[in-house]
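Subject: Structure for your review

Dear colleague,

Please find below the structure that I am handing over to you. My notes on it follow directly after.

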Amino acid sequence: TRRANDSMVRVLCCCDSFKDTLTAAEACACVSSALRKLRNDVECTSVPLSDGGEGFLQAVISSSPNERRVDHSIRVQGPLGHPVDAEYSMFTQSNTAVIEMARTAGLEMISEQDRNPLHTSSHGTGEMIADALRRGAQRILLGVGGSATNDGEAFVLWNLAKRCALEIACDVDNTFVGDKGATAVYAKQKGAHTDEMRATLETGMVNVRNRMRECFERDPQGVIGGGAAGGIAGGFASALCARLSPGAQLIAEMCHLEEHIDAHDIVITGEGSYDQQTASGKVPSIVQRLCERKGKKFVVVCGTTPVRTPGVYDLVTHVGRTKALTKPREAMESLLHHVGADILSGAS
């Protein structure tokens with residue numbers, strides 16, 4: 001709460017990553033820097049967030065500064081089969097391994113022209129889980145957003161994690177298959193551009209679903225968020241009774257986001273694309289819900305959006321797609337210079 005006679009305008013920057021361009025921390029820093037240049041009475045606080053995808057590991061680390069941990073870097077199979085070096089963290093007091101799937105099977109690891117979910121694999125994620133178990137992990141916290149896969153490969157990996165408690169931080173609430181399933185909603189953005197490719201993927205997912213029902217007597221289709229990361233979330237839920245949690249909500253609780261919102265006048269969040277998928281558990285939807293409940297001014301800064309909504313500002317409309325992708329920091333500063341007065345209006 002603002003102190004009496006305090007004229008500073010307190011702004012909370014709590015962005016997710018902008019896919020292929022800015023990490024969550026970089027996005028928050030860009031917003032903060034641009035606003036401070038506009039007015040010298042602006043005080044910004046950065047709380048980078050994640051929905052389970054890119055930046056998940058760092059968000060967990062940042063929210064747990066007093067917990068002892070050991071960071072491990074291992075070589076695993078990347079999404080296209082090539083070896084990659086990836087890190088995870090082991091929190092020693094609770095024997096919890098925190099793993100970010102985007103570091104082993106992430107869409108950002110593949111150039112746009114090479115993205116094809118018919119050829120990608122989640123195998124490296126399984127290798128990382130296996131390494132954590134060898135080191136004594138009793139609990140796995142797995143963030144599954146931002147994947148390049150659509151393979152439901154938890155069926156293949158289930159042996160690896162059956163000796164521990166497994167919690168999945170999901171970035172979406174979609175179903176395993178069907179009109180709102182992993183393939184129908186997300187396969188195209190992962191490189192499945194033709195109807196034939198998507199039909200092949202959906203057939204494979206239906207087969208995986210049927211095998212899981214036969215082997216484990218649990219149906220991934222009935223799991224909220226089972227379509228996250230190409231179905232790996234639903235697979236783990238069926239094969240291992242893994243607990244699925246909305247990733248953005250989980251991180252919001254871990255970093256005490258409500259308390260930060262209470263202490264600020266204006267809240268700015270954002271992500272790469274602000275669209276119909278945002279409401280399915282993405283960071284801006286969580287932040288918006290909290291702000292509306294508390295009567296706080298809420299602003300979205302994003303890479304692109306298909307709709308014109310008050311309080312939502314996007315880089316592509318302001319500077320064009322090319323500059324938004326190739327010079328995102330300059331684009332962000334230019335946008336905030338243009339709309340910053342509107343964002344800060346009403347605050348004194």
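**Salt bridges and a threonine in a loop**

Arg39 and Asp41 are joined through their side chains by a salt bridge, with 2.9 Å between N and O. Please bear in mind that this is a predicted model. The two partners differ in their surroundings: Asp41 has a relative accessibility of 18% and therefore counts as buried, the limit being under 20%. Arg39, at 26%, counts as partly exposed.

This pair belongs to a total of 23 salt bridges counted in the model. As general background, side chains of opposite charge can pair when their charged atoms come close. Three further cases are set out below.

Within helix 4, Asp131 and Arg134 are three residues apart, which is about one turn of the helix. A salt bridge links Asp131 to Arg134, and their closest N and O atoms are 3.5 Å apart. Asp131 is buried, its relative accessible area being 9%, whereas Arg134 is exposed, with a value of 64%.

The next pair is Glu167 and Arg243, whose side chains form a salt bridge at 3.9 Å from N to O. Glu167 belongs to strand 7 (residues 165-170) and Arg243 to strand 8 (residues 243-246), so this salt bridge ties together parts that lie 76 residues apart in sequence. Glu167 is buried, at 6% relative accessibility, while Arg243 is exposed, at 56%.

Salt bridges may also share partners, and in this way Glu258, Asp262, Arg293 and Lys294 are joined into one network.

I should also like to draw your attention to Thr120. Where does Thr120 lie? This residue is found in the loop between helix 3 (102-105) and helix 4 (123-134). Is Thr120 buried or exposed? Its relative accessible area is 7%, and because buried means under 20%, Thr120 counts as buried.

The surroundings of Thr120 can be described through its contacts. Leaving aside residues up to four places away in sequence, Thr120 touches Pro79, Leu80, Ile110, Ala148, Thr149 and Asp151. With one of these residues, Ala148, there is also a polar approach: a polar atom of the Thr120 side chain lies 2.8 Å from the backbone oxygen of Ala148.

When you open the model, you may wish to begin with the salt bridge between Glu167 and Arg243, and then turn to the loop that holds Thr120.

Yours sincerely,
Your colleague

Definitions and conventions. Residues are numbered from 1 along each chain as its sequence is written. This is a predicted model: local features need pLDDT of at least 70, side-chain atom pairs count only at pLDDT 80 or more; totals for chains, interfaces and linings use all residues. Side-chain values use heavy atoms; hydrogens and water are left out. Helices (H or I, at least four residues) and strands (E, at least two) are DSSP runs, numbered from the N terminus. Buried means under 20% relative accessible area, exposed over 50%, partly exposed in between (1.4 Å probe, protein chains only). A polar contact is a pair of N or O atoms within 3.5 Å; within protein, one must be able to donate a hydrogen and the other to accept it, and residues adjacent in sequence count only if both atoms are side-chain atoms. Contact means heavy atoms within 4.5 Å. A salt bridge is a side-chain nitrogen of Lys or Arg within 4 Å of a carboxyl oxygen of Asp or Glu.
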